[in-house]
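User: Please take a close look at one part of this structure, the second largest pocket. I should like a connected account of what surrounds it, set against the chain as a whole.

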Amino acid sequence: MVAVHTAAALLAGIALAATLWNGFREPGNALAFGALIAIGETVRWGAAPGEREPAPLGAAGALAYALLGECAGRMTSHGVLQVVAVVVAGALTGAVPQLAHRPGPALDHVSRRVLSVTVAAVCFQPLYNSGGLGHWAHGASYALLLLVLLLLTALCDALLAALMLRARTGFPYGPLLREELRALLGIGSAVCASGAVIALAVAVAGLWALPVFCVPLLLTQLSFRRYEAVRITYRQTIASLARATEIAGYTPPGHARRVAALSCAVGREMGLSGSHLTVLEYAALMHDIGQLSLVDPVPDGATALLPTARQRRIALLGGAVVRQTGVPAEVAVVVERQADPYRDQPLPARIVRAVNAYDDLTRGGAEGAHSPLGALERLRLGTGRDYHPEVVESLARVLGRGGGPVAAHPG
């Protein structure tokens, strides 16, 4: 993480110093693209912590400037360092509010933007300005070349994004990279195509092409924000439904939230991502909802300490309730099978069962059998039938990095 930030800072410093010393070439182009990047980065912010929030307008504008060879039929000569300087200025201007409130994620984003755009500029600008493209500089072959360069840039950005997440969270690099690459098939491909189209349009029509192509991108970004808002509201609805057991006094406050947070951390540790992680989170939030059907509440809501037959009954009752809520059927399956022998369970059910047991076992105090170490030892002793060994060890690794909500338990 430090190396990435240091490399981006050095590159930005050199680019800004060289550009200010030599002066801006085609200042109108630099100002127009810098403003476009700043606007795109400004409207980017607003997602909840941990939510993906792409910036198609800012990213496409930055990539288009890196791949800009002509403007209204006249060759440009801004070069690599000016591209980096304009991107840095625009990205930092748009990220000022976020730098004040969440400096870590904002710096990560700006560093990624600088390094990925540098890759595109280094691959394109010297080659184009020297005339080395030859017959590739015209027609369909030119558009194809731009797309190839954008794909290479997107892959580099995905590698950097996964690396930064790995440094911040400690989760395995492979699953994080797969999640970033999967995102390239959606919004990533749209950003790459938009960057190529903007560069080609400005080469023919000049800077007037920018507002024509930016309005659809801005509308796309706003539509994505609305979709994210709906998704967040849906998750909050499920979380509120899961709190019914707490409000009714069947489970202690915060139990469902702790189990969901720790389950997701263990799931990432074991390679889950995307929709699989969402199913795990929803199932963890609703894993105890079957207790609402009981006449006599479970003492302290600790289902992990009950006989197996009663655990299965509660799980089946919970699955029946979940099926009436409209969530994906996979969530109900996880809830229903959380009390089965682990060899018969899907991976999310194995995770929910182990994490729920850990939270139940550590609820009574911080010493002896109720300590985190004591609870993990109980889980390890149950790996013959109840708890999957790999899940227990993944849980131990997450807790070892400080990823567990142990501090949230009442002492």
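Analyst: The account below begins with the chain, turns to the pocket, and ends with a buried serine and the segments of low confidence.

The model is predicted, and its mean pLDDT is 83, with 91% of the residues of the protein chain reaching 70 or more. The secondary structure of the chain consists of 17 helices and two strands. Along the principal axes, the C-alpha atoms occupy a box of roughly 80 × 40 × 35 Å. Of the 411 residues, 50% count as buried. The exposed surface of the chain comes to about 18500 Å², of which carbon and sulfur atoms supply 66%. Among contacts with a separation of 6 or more, 71% join residues that lie 24 or more positions apart.

Within this chain, the second largest pocket holds about 180 Å³ of space. Two helices, H2 (27–42) and H9 (209–242), each contribute at least two residues to the lining of this pocket. Helix H9 gives the largest share of that lining, namely five residues. The residues that line the pocket include Ala32, Ala35, Leu36 and Ile39, numbers that fall in the range of helix H2. Leu57 and Leu207 also belong to the lining. Leu210, Pro211, Cys214, Val215 and Leu218 are lining residues as well, and their numbers lie within the range of helix H9. In chemical character the lining is made up of eleven nonpolar residues, with no polar and no charged ones.

A separate site offers a view of the interior of the chain. Ser263 is located in helix H11, which covers residues 255–269. Ser263 has a relative accessible area of 0%, and because this is under the 20% limit, the residue counts as buried. Beyond its neighbours within four places in sequence, Ser263 is in contact with Leu280, Ala284, Ile351, Val352 and Val355.

Finally, two segments call for caution in reading the model. Over residues 47–51 the pLDDT stays under 50, and the model has eight contacts beyond four places in sequence for this segment. Over residues 405–411 the pLDDT likewise stays under 50, and here the model has eleven contacts beyond four places in sequence.

Methods
Residues are numbered from 1 along each chain as its sequence is written. This is a predicted model: local features need pLDDT of at least 70, side-chain atom pairs count only at pLDDT 80 or more; totals for chains, interfaces and linings use all residues. Side-chain values use heavy atoms; hydrogens and water are left out. On a 1 Å grid over the protein atoms alone, a cavity is a set of points where a 1.4 Å probe fits but cannot get out, and a pocket is an open set with protein on both sides within 12 Å along at least five of seven lines; lining residues have an atom within 4 Å of a point. Grid points are joined across faces, edges and corners, and a volume is the space filled by probe spheres set on the points. Helices (H or I, at least four residues) and strands (E, at least two) are DSSP runs, numbered from the N terminus. Ala, Val, Leu, Ile, Met, Phe, Trp, Tyr, Cys and Pro count as nonpolar, Asp, Glu, Lys and Arg as charged, and the others, Gly among them, as polar. pLDDT is the predictor's confidence in each residue, from 0 to 100. Contact means heavy atoms within 4.5 Å. Buried means under 20% relative accessible area, exposed over 50%, partly exposed in between (1.4 Å probe, protein chains only). Accessible areas come from the Shrake-Rupley method with a 1.4 Å probe; for residues, only the protein chains shown count as cover.
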